[in-house]
Amino acid sequence: MFTDTKAFSGFAVDDIRRAEEFYGETLGLRVSEENGLLTLHIAGGNEVLLYPKEDHAPAGFTLLNFPVEDIDAAVDELTRRGVRFERYPGFAHDDKGVVRDEGGPQIAWFTDPAGNILSVLQG
């Protein structure tokens, strides 16, 4: 039924303008706005739709992951741009906030201005 459908994901934010600044300027993604909705244009032709929601409550799980070749360089650059990395109980984070040697990819979590959880990860 959906074999040839180009699916996309979306999630809510509490302020489209702040989201546009964060995703466009801080993260350096190409973004576009139309009719009060924000589209993130991700490499490979993928898109993510951000929509405003007055009573927005961030999800308690990661909504968007950014694979990187060098997690240390990515974390350093994001930190320089004002991003603060989260530290979750049960994970051994290093000084930068990166989780290493937990049986999965090296990963560091951060939030957007609406509190949505994002990550950078290196396999």
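**Strand S7 and its neighbours**

Reader: How many bridges join strand S6 (residues 106–111) to S7?

Author: Happy to start there, with a predicted model in which local features need pLDDT of at least 70, side-chain atom pairs pLDDT 80 or more, and totals for chains, interfaces and linings use all residues. Residues are numbered from 1 along each chain as its sequence is written, and side-chain values use heavy atoms, without hydrogens and water. S6 and S7 (strands are DSSP E runs of at least two residues, numbered from the N terminus) run antiparallel, and pairing takes at least two DSSP bridges. Here the number of bridges is six.

Reader: Which residue in the turn between S6 and S7 has a positive phi?

Author: The two strands form a hairpin, with five residues between them. A phi of about 90 degrees belongs to one residue in that turn, Gly-115.

Reader: Which residue in S7 is the bridge partner of Ala-108?

Author: Let's come at S7 from both neighbours. On the S5 side (residues 62–67), five bridges make a parallel pairing with S7, and Phe-66 stands opposite Val-120. For Ala-108, the partner in S7 is Val-120.

Reader: How many of the six residues of strand S7 are buried?

Author: Nice one to check by face. Ile-117, Ser-119 and Leu-121 on one side are buried (under 20% relative accessible area, 1.4 Å probe, protein chains only), as are Leu-118, Val-120 and Gln-122 on the other. S7 (residues 117–122) is therefore largely enclosed by the rest of the structure, and its buried residues number six.

Reader: What share of the 123 residues of the protein chain counts as buried?

Author: The chain runs β-α-β-β-β-β-α-β-β from the N terminus on, and its C-alpha trace spans about 40 × 35 × 25 Å along the principal axes. Of its 123 residues, the buried share is 35%.

Terms used
Buried < 20%, exposed > 50% of the residue type's maximum accessible area, 1.4 Å probe, protein only. Helix = DSSP H or I, 4+ residues; strand = E, 2+ residues; numbered from the N terminus.
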